[in-house]
Amino acid sequence: MQRRTLIRSGAALLAAAALPASIRQARADADPPAPAAGASVGDRMQIEVRRSSDKTYPVFTVEARLTANVPMRRAWHVLTDYDRLADFVPDLTSSRLIARDGHECIVAQEGFGQFLFIKQPIHLLVRILETPFSTLATTLVKGNMHEYSADWALSEIDANTTQINYDATIAPMFYVPSLFGAALMKRDLRAMLAAVVREMESGK
């Protein structure tokens with residue numbers, strides 16, 4: 001089964017993660033040391049967004065690395081509390097767990113993305129495969145995306161600090177400005193990820 005999960009602004013609906021273990025380990029080995037615990041959320045975050053035009057529609061790939069000053073179980077609880085995601089994720093107006101079969105979930109999400117003066121509704125039905133306390137892998141069932149997948153991977157830095165890796169592929173069916181699309185998506189992803197970390201740390 002494939003992997004991936006949810007974000008904001010065509011980048012902005014949230015849900016889950018998991019690359020092949022060998023790739024995740026190679027990336028983890030290449031990651032820089034975690035920032036000090038007192039660093040701001042922004043200082044603990046690295047995001048890259050790339051746009052590809054190899055297909056008939058633009059495809060955005062996302063790599064984000066950040067830390068949360070919480071135990072892994074707290075980080076996991078926030079990411080998997082699907083019915084509460086809209087309470088704190090920017091531009092996500094609704095998130096509902098539709099069905100669960102063991103560690104496989106179906107989640108429906110509604111939100112919007114804003115690109116310059118265009119406000120675009122986003123509708124997603126996603127399948128999330130959970131590997132408890134370590135990875136969430138989300139793939140698209142249906143929605144207004146050509147492609148949508150996103151992976152969250154958690155690893156313990158120490159008892160009270162969690163490394164979070166987020167990787168996604170996003171190809172909206174709606175218009176995204178070719179010149180500024182990647183920059184706008186990076187802005188919205190940064191806001192989404194910061195909100196998720198703040199929610200994790202608010203319940204320590």
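**Helix α2, the nonpolar core and the charged pairs**

Let me begin with helix α2, residues 72-80, in which Met-72, Ala-75, Trp-76, Val-78, Leu-79 and Thr-80 are buried. Please keep in mind throughout that what we are looking at is a predicted model. The buried residues of α2 pack against four strands, namely β7 at 118-131, β8 at 135-143, β9 at 145-158 and β10 at 161-172, and also against helix α3 at 181-202.

Staying with this helix, I would like to turn to the rings. The count of aromatic pairs comes to 2. One of them is formed by Trp-76 and Phe-133, whose ring centres lie 5.9 Å apart with 55° between the planes, and this pair is classed as tilted. The pair links distant parts of the chain, since Trp-76 belongs to helix α2 while Phe-133 sits in the loop between β7 and β8, 57 residues apart. As for their surroundings, Trp-76 has a relative accessibility of 8% and therefore counts as buried, whereas Phe-133, at 31%, counts as partly exposed.

The ring of Phe-133 has a further neighbour from the α2 side, in that the charged end of Arg-73 sits over this ring at 4.0 Å from its centre. An arrangement of this kind also involves Lys-119, which lies over the face of Phe-112 at 4.2 Å from the ring centre.

Now to the core. In soluble globular proteins, nonpolar side chains tend to be buried together. In this model the largest nonpolar core has 46 residues, and those with the most contacts inside it are Tyr-148, Trp-152, Tyr-166, Leu-193 and Met-200. Which elements each supply at least two residues of this core? They are the strands β3 (45-52), β4 (59-68), β6 (104-115), β7, β9 and β10, together with the helices α2 and α3. The largest share, 8 residues, comes from α3.

Met-200 is worth a moment here as one of the residues with the most contacts inside that core. Leaving aside residues up to four places away in sequence, Met-200 touches Ala-68, Val-70, Arg-74, Ala-75, Val-78, Leu-79 and Ile-164. Among these partners, Ala-75, Val-78 and Leu-79 bring us back to helix α2, where they are buried.

Let me move on to the charged pairs, of which the salt-bridge count comes to 10. I will take three of these individually.

In the first that I will show, Arg-50 forms a salt bridge with Glu-48, the closest N and O atoms being 2.4 Å apart. Arg-50 counts as partly exposed because its relative accessibility is 42%, and Glu-48, with a relative accessible area of 40%, is partly exposed as well.

The next is the salt bridge between Asp-167 and Arg-65, where the closest N and O atoms are 3.3 Å apart. This pair links distant parts of the chain, with Asp-167 in strand β10 and Arg-65 in strand β4, 102 residues apart. Are these two charged residues buried or exposed? Asp-167 is buried, and so is Arg-65.

The last of my three joins Arg-187 and Asp-188, with the closest N and O atoms 2.9 Å apart. Here Arg-187 is partly exposed, with a relative accessible area of 44%, while Asp-188 is buried, with a relative accessible area of 2%. Beyond these pairs, salt bridges that share partners join Asp-81, Arg-84, Asp-87 and Glu-199 into one network.

I would like to finish with two individual residues, beginning with Ser-95, which lies in strand β5, residues 92-101. At 5% relative accessibility, Ser-95 counts as buried. What does the side chain of Ser-95 reach at 2.6 Å? That partner is the backbone oxygen of Tyr-82. In addition, a polar contact of 3.1 Å joins the side chains of Ser-95 and Gln-109. Both of these partners recur in the wider contact list for Ser-95, which, not counting residues up to four places away in sequence, comprises Tyr-82, Asp-83, Leu-85, Ala-86, Val-107, Ala-108 and Gln-109.

The other residue is Gly-42, which lies in the loop between α1, residues 21-30, and β3. With a relative accessible area of 40%, Gly-42 is partly exposed. The C-alpha atoms of Gly-42 and Thr-67, which are 25 residues apart along the chain, are separated by 9.9 Å.

Key
Residues are numbered from 1 along each chain as its sequence is written. This is a predicted model: local features need pLDDT of at least 70, side-chain atom pairs count only at pLDDT 80 or more; totals for chains, interfaces and linings use all residues. Side-chain values use heavy atoms; hydrogens and water are left out. Buried means under 20% relative accessible area, exposed over 50%, partly exposed in between (1.4 Å probe, protein chains only). Contact means heavy atoms within 4.5 Å. Rings of Phe, Tyr and Trp (its six-membered ring) pair if their centres lie within 6.5 Å; planes under 30 degrees apart count as stacked, over 60 as edge-to-face and the rest as tilted. A charge sits over a ring if NZ of Lys or CZ of Arg is within 6 Å of the ring centre and within 35 degrees of the ring normal. A nonpolar core is a set of buried Ala, Val, Leu, Ile, Met, Phe, Trp, Tyr and Cys residues joined through side-chain atoms within 4.5 Å. A salt bridge is a side-chain nitrogen of Lys or Arg within 4 Å of a carboxyl oxygen of Asp or Glu. A polar contact is a pair of N or O atoms within 3.5 Å; within protein, one must be able to donate a hydrogen and the other to accept it, and residues adjacent in sequence count only if both atoms are side-chain atoms.
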